[in-house]
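Dear colleague,

Please find below the structure that I am handing over to you. My notes on what was found in it follow directly after.

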Amino acid sequence: NQGLGSGVVIQPGVIVTNNHVVEGASEIKVTSYDGREYVAELVGTDPKSDLAVLRIQGDASALHPIEIGESERLRLGDIVLAIGNPFGVGQTVTMGIVSAKGRAEVGIIDYEDFIQTDAAINPGNSGGALVDMEGKLVGINTAILSRSGGYQGIGFAIPTSMAQPIVGSLLRFGKVVRGWLGVSIQDIDPAMARSLGLERPSGVLISDVGPDTPAARAGLKRGDVVLEVNGQEVDSARRLRNMVATAGASTEVSMEILRGGKRQTLRVALGQAPENGGGSGWTGG
């Protein structure tokens, strides 16, 4: 069987693509926009985020790495370009806008924090670059929402802010070492927000804390509401799980919490997420 997808050169000889593009491949060939062909080896994959890293075998000096942009700075309505090889027709560039950010409830992969765009993305675009108007990489095109199998205006890209630490871990360890708190968490609905004294549903409720976990050692308690992690607002349980996982194991993070109606800040040294995803209900969040 043959598969076809796109990829992005992020370092000399190093290419990022989607895991589903190379999954199960016995041989990987890379063709550049000017027709050069290369053989690549698989450095590592992360099915939970649908990312994979390849390394070109031999001289890759003709492949120039793209400059990495800051996906966190994207705003709704910003113009973006999707670059890839849709349907195998050859390199194609499509234009659209950032339709939404932080899409974490799509249900495609385990760890989601997608940029949504209406730039045309079709089969073959997977693993290709989403760039801003300065030509900097802001995302890896990954999936479309479609009833027909073709483009219908809703495409998803993994933001560089999420991809970079995953790629770095794959290059260093050949696998992803995610951060872990050891808690059970849940979203806050309007009724719960009122009982907690919140003006609106925000933050994430810690419904339980596992014994002898990073959360327990840091002093987190059942009933705490996590409002921010490292200064970034937490708006859903899935978002908190992503932030903790992406921060990585053996990393210290700052958490702003609400306890008994008062805000306070805790420093939490994250552990390493178990291979089975946590077990016994204790999530990465």
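Residues 24 or more positions apart supply 58% of the chain's contacts with a separation of 6 or more, a contact being heavy atoms within 4.5 Å. Please note that this is a predicted model, in which local features need pLDDT of at least 70 and side-chain atom pairs count only at pLDDT 80 or more, while totals for chains, interfaces and linings use all residues. Residues are numbered from 1 along each chain as its sequence is written, and side-chain values use heavy atoms, with hydrogens and water left out.

The radius of gyration, taken over C-alpha atoms, is 20 Å, which agrees with the value near 19 Å for a compact globule of 285 residues (the rule is 2.2 Å times the number of residues to the power 0.38). Buried residues make up 48% of the chain; buried means under 20% relative accessible area, exposed over 50%, and partly exposed in between, with a 1.4 Å probe and protein chains only.

The chain has 5 helices and 19 strands, which are DSSP runs numbered from the N terminus (helices are H or I, at least four residues; strands are E, at least two). Strands of a sheet pair through backbone hydrogen bonds, either parallel or antiparallel. Here, 6 strands close into a barrel in the order β6-β7-β8-β11-β10-β9, with antiparallel pairing; two strands pair if DSSP finds at least two bridges between them. Within the barrel, strand β7 (residues 92-103) is joined to strand β8 (residues 114-117) by 3 bridges, and R103 stands opposite F114 in β8. Helix α2 (residues 160-173) packs on the sheet and touches β10 (137-144) and β11 (155-159).

The count of salt bridges comes to 12, where a salt bridge is a side-chain nitrogen of Lys or Arg within 4 Å of a carboxyl oxygen of Asp or Glu. One of them joins K136 and E67 (3.5 Å, N to O). This pair links distant parts of the chain, since K136 lies in the loop between β9 (129-131) and β10, and E67 in the loop between β5 (51-56) and β6 (79-84), 69 residues apart. K136 also meets E134 in a salt bridge (3.4 Å, N to O). K136 is partly exposed at 22% relative accessible area, whereas E134 is exposed at 61%.

Another salt bridge joins E233 and R200 (3.2 Å, N to O). E233 lies in strand β16 (residues 232-233) and R200 in the loop between α3 (190-196) and β14 (204-209), so the pair ties together parts 33 residues apart in sequence.

Yours sincerely

How values were computed
Axes fitted to C-alpha atoms, helices over the stretch in contact; angles between N-to-C directions.
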